[in-house]
Amino acid sequence: MEIVIIGGGFAGMNLAKELLNQDGVHVTLVDKNNYNFFPPLIYQVATAYLEPSSISYPFRKFFAGKKNLQFRLGEFIEVIPGDKKVILSNGELNYDKLIFATGAETSYFGMENVKKNAIPMKTLNDAIVMRNTLLKNLEKAAITKDIRKRRKLLTIVVAGGGPTGVEISGMFAEMRKNILLKEYPELGTSASNIYLVDGGPALLAPMSKQSQDDTYKAITELGVIVKLNNNVVDYVDDTVHFANGETIQTKNLIWAAGVTAREFKGIPAESYGRGKRLKTDAFNKLEGFNNIYAIGDTCIQFNDEAFPHGHPQVAQVAIQQGINLAKNTKASLQGKPMVPFKYLDKGSMAIIGKNKAVVDLPKPEMHFKGFFAWIIWLFIHLISLITYRNKVKTFYNWMVAYFSKDNSLRMIIRPDKKASKSVSEA
């Protein structure tokens, strides 16, 4: 059986790993990047607490020596179901079973100025762009004599009160407290506000009321200004505009406010559900097709009684769907019955700052906060990294940052066009 997987994130990689050394199966994993990366920690790359190699690993290095697994660098262009063929940016692949596992991409809710000018937080490249942009803006702020311009360069607005927004806001606050004045003495008398804004009534909306309240208290104690029930409607001329008429002047709008799945040429419009997610049955098979599947953030299914409106777009769903589809593939080859997917909710967590985190466990229903929750967060994220090399490098960097309240990774590398204007322009 020739299996083609489009996308090498949580879902695609776990599916591929489970099919390792399976007789009668050959797997080709296609991705537009030549590396797998760990999205929950990209904000630490963006804030220079981790280097990119700490949370990423080359696909070919991982697949080396694995006889029935193959990697193909390329971008998906089109699927031709009648010919069981996938068109890529650099060639074609034939398949017996095709699995879409492309995850989600940033949603700007139709706001073109936000899309053009804000800094997204979804990919490793986004993280590097953010790091370069923020470091360049600090250098500009250090030499400008214009107080208004300096304030815009130092003000940070984070849109989105989910885990990513909370975590990066807390990281910025820790950096301001422990690093900014030490390394940038020129900014000693300058105001540097950090805003965390969300259109809903609470931070960490999917989590418990206890976690929401604890997070609000902890993040505000760090000096972050939280603005709830505030929808961003535009970002133009260095000004964030809100639906209630308020504005904030800033050069730094970090966009962590929403995601959407992508559309695939060759898949009819009726196959898509809410958020462009592909509608699948209980076995992750695409409705109307016999050999096309979707797993992870790119799919939505309504067969799980505990989640009648579809599963949340989180890593654990993607991991479990990838593993379940692999087991069902093996079962079908052996003539055994397949098992419908049922999501096992293992809980939710978010880190706020040093020694500060919140954790919700569903069964038994438990809530943790503070240092113990922080340790849980560190442990879970560390063991979830794909290789021992990633685990060791990340653990080392965390320990250095914890005891020194600093790190040595704040280099402006790979300057991008969006952030490459000369410091002299300040």
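The following legends describe three close-up views of a predicted model.

**View 1. Helix α6, its N-terminal cap and its surroundings.**
Helix α6 spans residues 147–154. Its buried residues are Arg150, Lys152, Leu153 and Leu154. The elements that cover these buried residues include helix α5 (124–143) and the strands β12 (156–159), β17 (247–249) and β18 (252–255). At the N-terminal end of α6, Asp146 acts as the cap. A side-chain oxygen of Asp146 lies 3.0 Å from the backbone nitrogen of Arg148.

**View 2. The open sheet of five strands.**
The strands are arranged in the order β5-β2-β1-β9-β21, and their pairing is parallel. The edges are formed by β5 (69–73) and β21 (292–294); each has a single partner strand, so one side of each lacks a neighbour in the sheet. On average, neighbouring strands of this sheet are turned by 20 degrees against each other, direction ignored. Three bridges join β21 in the parallel sense to β9 (residues 97–100). Among the residues involved, Phe100 has Ala294 of β21 as its bridge partner.

**View 3. The environment of Val45 in helix α2.**
Helix α2 comprises residues 42–46 and contains Val45. Val45 counts as buried because its relative accessibility is 0%, the cut-off for this class being under 20%. When neighbours within four places in sequence are left aside, Val45 is in contact with Leu50, Glu51, Pro52, Ile55, Leu124, Ala127 and Arg131. Met130 stands 85 residues away from Val45 along the chain, yet the C-alpha atoms of these two residues are separated by 9.0 Å.

Notes
Residues are numbered from 1 along each chain as its sequence is written. This is a predicted model: local features need pLDDT of at least 70, side-chain atom pairs count only at pLDDT 80 or more; totals for chains, interfaces and linings use all residues. Side-chain values use heavy atoms; hydrogens and water are left out. Buried means under 20% relative accessible area, exposed over 50%, partly exposed in between (1.4 Å probe, protein chains only). Helices (H or I, at least four residues) and strands (E, at least two) are DSSP runs, numbered from the N terminus. Contact means heavy atoms within 4.5 Å. A polar contact is a pair of N or O atoms within 3.5 Å; within protein, one must be able to donate a hydrogen and the other to accept it, and residues adjacent in sequence count only if both atoms are side-chain atoms. Two strands pair if DSSP finds at least two bridges between them. Axes are lines fitted to C-alpha atoms, for helices over the stretch in contact, and angles run from 0 to 180 degrees between N-to-C directions.
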